[in-house]
Amino acid sequence: MIGRAPRLPFATSIAVAVLLAAGLRTVCGAEFDGDYSKLSGIIIPGFASTQLRAWSLLDCPYSPLDFRFSTLSTWSGSTPPSLPVVVLQLLSAVDCWLKCMMLDPYNQTDNAECKSRPDSGLSAITELDPGYITGPLSSIWKEWIKWCIQFGIEANAIIAVPYDWRLSPSMLEERDLYFHNLKLTFETALKLRGGPSLVFGHSLGNLVFRYFLEWLKLEIAPKHYNQWLDDHIHAYFAVGAPLLGSPETVKATLFGNTFGFPVSEGTARLMFNSFSSSLWMMPQSKYCTSDNPYWKHFSGGFRKKNQTYHCEEQEYRTNYSGWPTNLVNIEIPSIPGFDAYPSLQDMLETNFSALECGLPTQLSFSAREVADGTLFRAIEDYDSDTKRLLYQLQKSMAALPFCTTIWVAIGAPQSYHGDPVVNPLTPWDRPPIKNIFCIYGIDLKTEVYLSPLIPSWSGNLVEGNPGATSGDETVPYNSLSLCKSWLGSKVNITRAPQAEHDGSDVQVELNVDHLPEDDIIANMTRSSRVKYITYYEDSESIPGKRTAVWELDKANHRNIVRSPVLMRELWLQMWHDIRPDTTSKFVTKAKRGPLRDDDCYWDYGKARCAWAEYCEYRYIFGDVHLGQSCRLKNSSAETLLNYL
């Protein structure tokens, strides 16, 4: 059977579009000559955004589907697909499907009858369930193929790096050598194409990339680290990055999240908690960090058995760990006598008055208390599932002798707080990459506060400090906007409509003062009927490096990668960078017009094609409506000259 060429996903089209327009001035110390074939794009997908392929010995006699070698249908970080195959797999043989999906919660091994591994190549992140019928139904990137076609982009310039999103970072390396292979991917791309890569990460993919950057510090000589990054990575696009985690993870851990699949919440919770990655996006404090014990070997120190988790004074001087409020509020049933609940003894001593008359004890937990396991220790007597979470969160590092090869010395995979590379439940500073674009949605209803978990609704009002805006429906604003601390002391702010515009509603503030520890907010007007994109840009604070933060109104976390606005802005910025005659570090925001034929449409009110400056009516045989006959007057290349 002849296989079909894989469709290019939206992330692919972004990365490819960026390839053609990447502002690369030097490649390994040599002047960039404008040969776009030298550039590569690396896509790191988000949670549940990679197909898993089952290698199974299962016999499911009542199922019409073959589980022995099949694709386990998931969804690529977007809204749940309405796939007949997903429903068939679950309803016809839910036990078989779960056996292939679930892992042992303690050692992260597969079921003896079914082993699942991530698929490879672009097809792993393109169609959720390939097939003549299910393929189109499960393709969420179809709209963006046109970008690739119209701008003449080559698919082989893009490299997908799918991974098993069920695993913790240390297990990714231990079982699959994922980070070794990722390093080889960058190095191979440089040798084959002659230039560095552009990294596109979405959601959890950004945390995977952060771990890779920290792992790389232990893999190569420290003095060569920055040079390696300069040679292999030109720009990093962090889209929807949960830099301080998300309460959605706590909710899925304690309640279960079906993600639209026809399973019960209890089943979904059991499955989710079997993944060690379930803790990777837990909320964390803005002020707590961990020391890496292995870095002491590079400075003559002695190795410690465990990471040192410590918090700044500000963690205790301020409330809520840098979040708008405490994240979880629960009521614990109380029985006279501390011995009944030994895990709660220390906490109940500070809440003794609540024990009168056997009333339940109400406890609130900050982001720090979620990340360090205090929440799960508080409820482990009531919920056996939390014991598994605590094991993954806090199991100790084995005391092994230090060897010249770090990963040999480390041995078995470690817990989050005991991870010798980096504690994933700590905030991260700006990576030393030349160009960073942090992009996320805002102003959507986003859950931050969870109450109650057990056993009843408290009815109390939520106390806290409301933020400047809300998040992207999945990740709260304060977690997404941590990358604003990567901006320098002087920031240029621009707010413009997301739709095509003539510049009349563009607002600009230059050289706005900014302290890294404080949020920076655009003091600009807005119309309630207009969706805006707000740009925070800094190209001066770090010589030779640029940092930009883009906030898109009403952009959903899972669907932001389908946004035509995001695609357009990335294309314009990267095309602007390659031009030798540009006078600014960032592309102008003064106006936005159609870039493709598809952006032209018929204005029925004026009985002509809209945007007459750019578009004209030009019928081609096969057009079925007026808007389809509206096309650009000039080529896309000529149109782009308006944005210098």
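The dialogue below works through how to read burial, cores, strands, cavities and pockets in a predicted model.

Q: What should be known about the model before reading it, and how many helices and strands does the chain have?

A: The model is predicted, so local features are given only at pLDDT of at least 70 and side-chain atom pairs only at pLDDT 80 or more, while totals for chains, interfaces and linings use all residues. Residues are numbered from 1 along each chain as its sequence is written, and side-chain values use heavy atoms, with hydrogens and water left out. The chain has 20 helices and 22 strands, these being DSSP runs numbered from the N terminus (helices H or I, at least four residues; strands E, at least two).

Q: What share of the residues of the chain count as buried?

A: Buried means under 20% relative accessible area, exposed over 50%, and partly exposed in between, with a 1.4 Å probe and protein chains only. Of the 644 residues of the chain, 57% count as buried. L425, found in the loop between α17 (406-410) and β14 (435-442), counts as buried because its relative accessibility is 0%. Leaving out residues up to four places away in sequence, L425 touches L279, W280, M282, Q284, Y309, A371, L393, Y416 and H417, where contact means heavy atoms within 4.5 Å.

Q: How should a nonpolar core be read, and which residues have the most contacts inside the largest one?

A: In soluble globular proteins, nonpolar side chains tend to be buried together. A nonpolar core is a set of buried Ala, Val, Leu, Ile, Met, Phe, Trp, Tyr and Cys residues joined through side-chain atoms within 4.5 Å. Here the largest such core has 98 residues, and those with the most contacts inside it are I44, Y178, F186, F209, F212, V328 and L375. Helix α8 (residues 204-219) supplies the largest share of this core, 10 residues. Apart from this core lies another, of 21 residues, among them L198, F437, I560 and L570.

Q: Which residues form the covered face of strand β13, and which the uncovered one?

A: In a regular strand the side chains alternate between the two faces of the sheet. In β13 (residues 361-365), T361, L363 and F365 make up the covered face, and Q362 and S364 the uncovered one. Strand β12 (residues 328-332) runs antiparallel to β13 and is joined to β13 by 5 bridges, with S364 as the bridge partner of N329; two strands pair if DSSP finds at least two bridges between them.

Q: How is empty space read, and what is the volume of the largest cavity?

A: Rolling a probe the size of a water molecule over the atoms shows where empty space is left. On a 1 Å grid over the protein atoms alone, a cavity is a set of points where a 1.4 Å probe fits but cannot get out, whereas a pocket is an open set with protein on both sides within 12 Å along at least five of seven lines; lining residues have an atom within 4 Å of a point. The count comes to 6 cavities of 30 Å³ or more, and the largest cavity has a volume of about 270 Å³, a volume being the space filled by probe spheres set on grid points joined across faces, edges and corners. The largest cavity is lined by 20 residues, of which F47, F259, M281, T474 and R558 lie nearest its centre.

Q: Which residues lie nearest the centre of the largest pocket?

A: The largest pocket, of about 740 Å³, is lined by 30 residues, and T289, P427, W428, D429 and R430 lie nearest its centre.
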